[in-house]
Amino acid sequence: MNAATRFKLPPVVMPEQDPAERVHNVREVPLGFTPEMALQEAQRCLHCTNQPCVEGCPVGVRIPEFIQAIESGDELAGIGIIKGTNLLPAVCGRVCPQEDQCQKNCTVGKAHRDVGQAVQIGKLERFLADWERENHAAVIPQIPPSSGKRVAVIGSGPAGLTVAGDLIKLGHAVTVFEALHMPGGVLGYGIPEFRLPKEIVYQEVAYLAKLGVDFQYNTVIGKSITVDEVRKDYDAIFIGSGAGLPNFLHIPGESLLGVYSANEYLTRANLMHAYDENSDTPILRGKSVAVLGGGNVAMDSARTALRLGALKVMVIYRRSEEEMPARKEEYHHAIQEGVEFHFLQNPVEILGNREGWVTGLTVQKMQLGEPDASGRRRPLPIAGQTSNVPADVIVVGIGNNPNPLIPAALPGLQMNRHGGIITDEDTMETSVPGVFAGGDIVLGAATVILAMGQGRKAARAIHAWLTGTTEKAKD
Amino acid sequence: MNTIRKREELGRNVVRYVVDAPLVATHRKPGQFVIIRVTDHGERIPLTIADANPEMGTISLIVQSVGKTTREMAMLRPGNAIHDIVGPLGRPTHIQRFGTVLCVGGGIGIAPLYPIAKGMKEARNRVITVLGARAHDLLILEDDMRNVSDELIVTTDDGSYGTKGLVTDAIRSLMSDGTHIDQAVVIGPPLMMKFTSLLTKELGIPTMASLNPIMIDGTGLCGGCRVTVSGEIKFACVDGPEFDAHVVDWDSMIRRLGTYRTAEQVAADRYDHECRVGLDAGESR
Ligand SMILES: Cc1cc2nc3c(=O)[nH]c(=O)nc-3n(C[C@H](O)[C@H](O)[C@H](O)COP(=O)(O)OP(=O)(O)OC[C@H]3O[C@@H](n4cnc5c(N)ncnc54)[C@H](O)[C@@H]3O)c2cc1C
Ligand SMILES: Cc1cc2nc3c(=O)[nH]c(=O)nc-3n(C[C@H](O)[C@H](O)[C@H](O)COP(=O)(O)OP(=O)(O)OC[C@H]3O[C@@H](n4cnc5c(N)ncnc54)[C@H](O)[C@@H]3O)c2cc1C
Ligand code: FES
């Protein structure tokens, strides 16, 4: 097929659950490509020689090559190509912000001046990963003889899982310590089932366990086992403890009954299955729910509220639609499902009744000024313009900070002023020799793919450290 | 597996368990707690580590049946297992030689108070203990507390045992006898903690209270356990559970404990119903 024909092919629409129906269940919204759809979408790739999409991928997945494999009907080869650089394609295909990464650079989209016209790389990635899972085609690699070295991984989020997967394949013994009773970090407790079925996370973890990774749940490093003990028992440590500390707005009324952090709301719903009426863990099912924030965390909370039976769900964001950091697809899904968006509104007070229950909030109308440090235009209050919005549940989803547990337990760690661990950019080694870190604990709340990218870098450096190819003495 | 080794009834609806939890047993300090799930689909609930035996790798948990999960737990027998136990969580109690320490415990709060009183005694403090219960058969751990106290006073609301009255009455009469107290520790029902702390504030006695807000993860992840202390948001699971009782916003904390009252009632009723129609209700009540 020549480039001109390819260029004319329209994007293949992935079937989705109908919005009216899906707000009553927690099943996944996009249903996936059939092999025919995947083939058609793959044919839209122009196979540019300069491969701008690969440039846009934080881990450099060889995108045109896996798309070529789909076109040739060789799914096994395709998934092999992705897995060479990305351990969790079933996850990334679903949750990566492709419109800001690979698809943003796609020549097809650029030529149409519309990123919505780009080759749907993420959906093709998902197709291959789902194909592998559904056909039980995961290849168990040859594991080299044991190196006799032991590595401790703290946290089972995407960063920790990547490190575990890479190092076990190099012959090192790996133990993953996880504070919660289930694996995955945010993939398990945060991102809802309707966006990332937990079964996918479990199967990825089961695969690593099959390769020999030892998972220890209910183990808080720094509490159940001290960091010093871990350092004594293991030859290297990777800290992937994430950014689990929820921020509050520090405005009046945040302790009222019915005010949740998004983490609590999502943890109750996902980790503890509160969406199931028979779950022992309760959750307040508000009729009118206000979600504060504009990122993925806010979108997930708003759409969870609908599935918990809310009649009205509002996202209240202090900037405009333009600056919203959420993935475009989640924003569109939220709109389709009936979530209302109140832009340029800054919450200033949460209101309650005499019994202490939330009744609503006061918002200040904003306008956009000059760009701030983040490069986005700074919201400024318009004097005298405030209004009240009634709500019976409020979810504060304005972001999370690095988890302070490990830094508190390892005083030698150098930290930045946002509470993140400072590391060497290439090796991810911290200020403490033999201790590496990556993911949200380094970056602050970032993305799955960046966490995995740092995990991969760290694994490479840990391997070098363990095999003595780096020149550093163990203290 | 967190196998239960021993089970003992301490009073009406209160059971003491000795259970395998080697990492917790070797790392815990007085004042810390665990979070457990009884079954693999159960709720996560916090329980104080009442005592530990590092050699045996066991901890003791004392549980009062108040709702679905604690009732479910009360059904467990030696040989059964608790599905998940994570800990020790929270900051340990600040134990040092203060001089005379007043330990005030009420209801199930006597369970978490015991390891602290014991620690205070081991730190060579003079320990005066005041225990409050609604009635005699609700009083727990009297003998254990007596063993670690120099003086023990018991009050009951109905006068069925000890002195009739509230713990605050007993503290007042201690003070009027000229007893000097350097530090107080209070653990019990939130209202009791509030009124005890109002009194000790008035009397100028530094006081720590161990708070028991609703928790999920216990690692600082959800913020559900937040309490207001000196006007600031604190997470009881990582910043506490102990705080300076005189600067805790008690009213807000007490209100937040009631967030799920309706849902909890529904869960407990359903559980009771299932027990009655299905399994043998046994000693769940
Ligand atoms: C609601 C929500 C939605 C999101 N949506 C997206 C999205 O669509 N796309 C995207 O790319 N990113 C998204 N993100 C961000 C993404 O999930 C994170 O960037 C990513 O999970 C970070 O991975 P991590 O491995 O660094 O840490 P985490 O995933 O946070 O995992 C850290 C793990 O470490 C454990 N841990 C912490 N301390 C200890 C300790 N002391 N001992 C043992 N274990 C410990 C924690 O329990 C946790 O399981 C979202 C985040 C949230 C909260
Ligand atoms: C740090 C900490 C340590 C604790 N230590 C112990 C202990 O050693 N022994 C013990 O028996 N209990 C202890 N608790 C309280 C215990 O966690 C609750 O009783 C338990 O969660 C109730 O669960 P349930 O499903 O049985 O009852 P639910 O159905 O959840 O609640 C039933 C009733 O108990 C009340 N309740 C619920 N949660 C709490 C709570 N956190 N504190 C007080 N009342 C509550 C509810 O308001 C309701 O009226 C502790 C709590 C905390 C935060
Ligand atoms: S219990 Fe979740 S933050 Fe304390």
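Contact here means heavy atoms within 4.5 Å. With that in hand, here are some exercises on this predicted model.

**Exercise 1. Compare B:Ile62 and B:Gln64: which residues does each one touch, and is each buried or partly exposed?**

Step 1: find them. B:Ile62 sits in strand β6 of chain B, which covers residues 58-64, and B:Gln64 is in strand β6 of chain B as well.

Step 2: check the record. UniProt, in an unreviewed entry, lists B:Ile62, B:Val63 and B:Gln64 under "binding site".

Step 3: list the contacts. Leaving out residues up to four places away in sequence, B:Gln64 touches B:Asn13, B:Val14, B:Thr70 and B:Ile108. With neighbours within four places set aside, the contacts of B:Ile62 are B:Leu10, B:Val14, B:Val15, B:Arg16, B:Ala50, B:Ile108, B:Ala111, B:Ile140 and B:Leu141.

Step 4: look at accessibility. B:Ile62 has a relative accessible area of 7%, so it's buried. B:Gln64 comes out at 25%, so it counts as partly exposed.

**Exercise 2. Work out how many disulfides the model has over all chains.**

Step 1: get the cut-off. The two cysteine sulfur atoms have to be within 2.5 Å.

Step 2: try A:Cys45. Its closest cysteine sulfur belongs to A:Cys48 and is 6.4 Å away, so that's too far for a bond. A:Cys45 itself is buried, at 9% relative accessible area.

Step 3: try A:Cys96. Here the closest cysteine sulfur is in A:Cys92, and because the gap is 4.1 Å, that's too far for a bond too. A:Cys96 is buried, with a relative accessible area of 6%.

Step 4: give the total. The count is 0 disulfides over all chains.

**Exercise 3. Sort out the sheet β4-β3-β8 in chain B: which strands stand at the edges?**

Step 1: read the order. This is an open sheet of 3 strands, β4-β3-β8, with antiparallel pairing.

Step 2: pick out the edges. In chain B, β4 (45-48) and β8 (84-89) each have a single partner strand, so one side of each has no neighbour in the sheet.

Step 3: add the twist. From one strand to the next it averages 30°.

Step 4: zoom in on one pair. Strand β3 of chain B (residues 33-37) runs antiparallel to β4(B) and is joined to it by 4 bridges. In this pairing, B:Phe33 is opposite B:Thr48.

**Exercise 4. Describe the contact of chain B with chain A: how many residues does each chain bring, and how much area is buried?**

Step 1: count residues. Chain B brings 39 residues and chain A brings 42 residues.

Step 2: take the area. The two chains bury about 3300 Å² between them, with 57% of it on carbon and sulfur atoms.

Step 3: look for the main contributors. B:Leu221, B:Arg226 and B:Tyr260 supply 19% of the area that chain B buries against chain A, more than any other three residues.

**Exercise 5. Start from the UniProt domain in chain A, then say how many residues of helix α11 are buried.**

Step 1: place the domain. An unreviewed UniProt entry puts "domain: FAD/NAD(P)-binding" at residues 150-455 of chain A.

Step 2: describe that stretch. Residues 150-455 of chain A are 28% helix and 26% strand, and the end C-alpha atoms are 17 Å apart.

Step 3: turn to the helix. α11 of chain A spans residues 158-168 and is mostly covered, with 11 of its 11 residues buried. Among them are A:Pro158, A:Gly160, A:Asp166 and A:Ile168.

Definitions and conventions:
Residues numbered from 1 in each chain as written. Chains lettered and ligands numbered in written order. Predicted model: local features only at pLDDT ≥ 70, side-chain atom pairs only at ≥ 80, totals over all residues. Heavy atoms only, no water. Buried < 20%, exposed > 50% of the residue type's maximum accessible area, 1.4 Å probe, protein only. UniProt positions renumbered as here; feature names shortened; annotations may be inferred. Helix = DSSP H or I, 4+ residues; strand = E, 2+ residues; numbered from the N terminus. Pairing = 2+ DSSP bridges. Axes fitted to C-alpha atoms, helices over the stretch in contact; angles between N-to-C directions. Buried area = accessible area lost by both parts, 1.4 Å probe.
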